Amino acid sequence: MAESAPVGAPASTQPTAESESENDDQVIDQNEAHTSATGGGASTKKKKSKRKKIANALSGNKAEEGDPSKPASKMSNEGIQTLLEMNPALKGELSKMSPAQAQEALKKMDVSQLLTGLSLNNKNQKDMASYKFWQTQPVPRFDEKPEQYTAQPDGPIKEVIPEQVPKQPAPLPEGYEWVELDLTNEEELKEVYNLLTFHYVEDDNAMFRFNYSKPFLDWALKSPGWKREWHVGVRAKGPSRLLVASIFGIPTKLRVRQNVIDVVEINFLCIHKKLRSKRLTPVMIKEVTRRVHLQGIYQAIYTAGVMLPTPVGSCRYYHRSLNWLKLYEVGFSPLPPHSTKQRMITRNALPATTSTKGWRPMKEGDIDAVQDLLSRYLKRMDLAQDFTREEIEHWFINRNTEPTDRVVWAFVVEDDNGKITDLSSFYSLESSVLGDASKTHDKIHAAYCFYYATEMAFTEKEKGLKDRLQELMTDTLIEAKNAKFDVFNALTLQDNPFFLEQLKFGAGDGQLHYYLYNWRTPPISGGVDKKNLPDDTKRCGIGMILL
């Protein structure tokens, strides 16, 4: 799920364990990219000018217009220094290299990827002050050469010796203690909800804050095989027993190319705002790592909206307005130049009803057929979850009787012979509107593209697959619109490049980087080309969705 943390490495939620600033527990959540990407607004020109400056520095050519699609073929010493000054996150790695070595390391990364992952504001500059923690972890380094990936088969970077895994947790600062969180207890679930509500991710301009509801947390953190000992909290000692920090691990099976491995995802690494000077982040990451290692799991998948050492692949966020006027009124979407409100409303209009023959909600009797279809579909990709029947049931069947508590929507297409030929789904994650805009609307209801599959993928006609996906996703958007969602978000993973632009998704400026902990494999396509646009000329290799 969203930031999955390593089994021994930083969670997908933590950029660096070295400098825990006031936003340390926020910057990695994959959803951070969602807010920055869709917000638009007044900061857009400022961000573009900074990107242009960095792009010029990377190219070593100040006469250029700073086209982010151009590779960093040459970088001057001055360019390197400019890059480091604007992104302290990279300083810890690159400042130890000579200019030539730094240039070589940066050449291996697409400039558009670098730009999206760079710290372009003060918040991220503080968060990413150094990489000292990452240097202690079994993750690929920026300066590794491509041949280091291909010279050896896929596999672990470092052997973990079970007997050497500590049996006791590391000490916490005075006045705090470790606890296991019991999410079957309504009171403890409420405490987690309150911690995340007031101390988790906000967008850069403090206009929106993710609102992880109690039903969402129950769905996200209690998938089949979940372990209470991987739901880790920190409480204040004394009468208050206040919950001040959390970090959660979720077990799953991941297929990386031909290897199916047991991994863990770590989500919701969150620290109370008043305690971020206590440097709890690295301690919490190490503690969940220790607990996972004790269960014999030594790999993980995690995601981040910032550039860390070193992504296995990177995707870009795209957004489709369902209620454009509301998004505009809360400052979520801008009014494009030379357009009008009515034109934007008309442009984003959808039919009132679905049109795919055989389209209907998924039900329990479909579980086996969906598992078969989705498993075959995901085998076309290099990085994907290996679903069990129990996981299909958990992730796709709605168990909430109250409509307001519903988290997931899943639909299938049944042909005339009763065969399930298609699947499409999305989940709900709303954001609270902060500041003056909340007087108009207090919530943004966002739907996130989840898993889909179609038998059309197994034909020889690529155009047929594109047409079918556009048809299925149009009906999925209609279902989301009719369920009163305001926006539909998607990444460039799976086969999404086949329909994003055609169905009027707008590009966000948020990037989601995928990382593997203690596992080496060559880079995997994230569905974007050199210009950071959806690439439908080759198959995206990433088929794993982290909440």
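Which residue forms a salt bridge with Lys 326? Asp 486 does, and in this predicted model the closest N and O atoms of the two are 2.9 Å apart. The close-ups below start with that pair.

**View 1. Lys 326 and Asp 486, a salt bridge between buried partners.** Lys 326 belongs to helix α12 (residues 324–329), while Asp 486 is in the loop between α16 (462–482) and β16, so this contact ties together parts 160 residues apart in sequence. Lys 326 has a relative accessible area of 11%, so it counts as buried. Asp 486 is buried too, at 3% relative accessibility. If you go looking for others, a search of the whole structure turns up 25 salt bridges. Some of them share partners: Glu 180, Asp 182, Arg 228, Glu 287, Arg 290 and Arg 291 are joined into one network this way.

**View 2. Helix α9 and what covers it.** Helix α9 takes in residues 186–199, 14 in number, and spans 20 Å from first C-alpha to last, close to the 20 Å expected at 1.5 Å a residue. At its N-terminal end sits a cap: a side-chain oxygen of Asn 185 lies 2.8 Å from the backbone nitrogen of Glu 187. Several residues of α9 are buried, among them Leu 189, Val 192, Leu 195 and Leu 196. Glu 188, Thr 197 and His 199 are buried as well. The elements covering the buried residues include the strands β1 (176–180), β2 (208–211), β3 (231–236), β4 (243–256) and β5 (259–271), plus helix α10 (214–221).

**View 3. Two salt bridges that start from α9.** Glu 186 of α9 pairs with Lys 214 of α10, 28 residues away in the chain. The closest N and O atoms in this salt bridge are 3.6 Å apart. Both partners are partly exposed, with Lys 214 at 29% relative accessible area and Glu 186 at 48%. In the other salt bridge, Glu 191 meets Arg 235, and the closest N and O atoms are 2.8 Å apart. Glu 191 is in α9 and Arg 235 in strand β3, so parts 44 residues apart in sequence get tied together. Here Glu 191 is partly exposed at 27%, but Arg 235 is buried at 8%.

**View 4. Aromatic pairs involving strand β11.** The whole structure holds 28 aromatic pairs, and this view picks out two. Phe 216 and Tyr 427 have ring centres 6.2 Å apart and planes at 45 degrees, so they count as tilted. This pair bridges 211 residues of chain, with Phe 216 in helix α10 and Tyr 427 in strand β11 (residues 420–428). Both of these rings' residues, Phe 216 and Tyr 427, are buried. Next comes Phe 426 with Phe 488: the centres are 5.9 Å apart and the planes at 70 degrees, so the pair is edge-to-face. Phe 426 is in β11 and Phe 488 in strand β16 (residues 487–491), so the two link parts 62 residues apart in sequence. Phe 426 comes out at 0% relative accessibility, which counts as buried, and Phe 488 is likewise buried at 0%.

**View 5. Charges sitting over rings.** Take Lys 227, which lies over the face of Trp 230, 5.7 Å from the ring centre. For Arg 380, the charged end sits over the ring of Tyr 377, at 4.7 Å from its centre.

Definitions and conventions. Residues are numbered from 1 along each chain as its sequence is written. This is a predicted model: local features need pLDDT of at least 70, side-chain atom pairs count only at pLDDT 80 or more; totals for chains, interfaces and linings use all residues. Side-chain values use heavy atoms; hydrogens and water are left out. Helices (H or I, at least four residues) and strands (E, at least two) are DSSP runs, numbered from the N terminus. The expected span of a helix is 1.5 Å times one less than its number of residues. Buried means under 20% relative accessible area, exposed over 50%, partly exposed in between (1.4 Å probe, protein chains only). Contact means heavy atoms within 4.5 Å. A polar contact is a pair of N or O atoms within 3.5 Å; within protein, one must be able to donate a hydrogen and the other to accept it, and residues adjacent in sequence count only if both atoms are side-chain atoms. Rings of Phe, Tyr and Trp (its six-membered ring) pair if their centres lie within 6.5 Å; planes under 30 degrees apart count as stacked, over 60 as edge-to-face and the rest as tilted. A charge sits over a ring if NZ of Lys or CZ of Arg is within 6 Å of the ring centre and within 35 degrees of the ring normal. A salt bridge is a side-chain nitrogen of Lys or Arg within 4 Å of a carboxyl oxygen of Asp or Glu.
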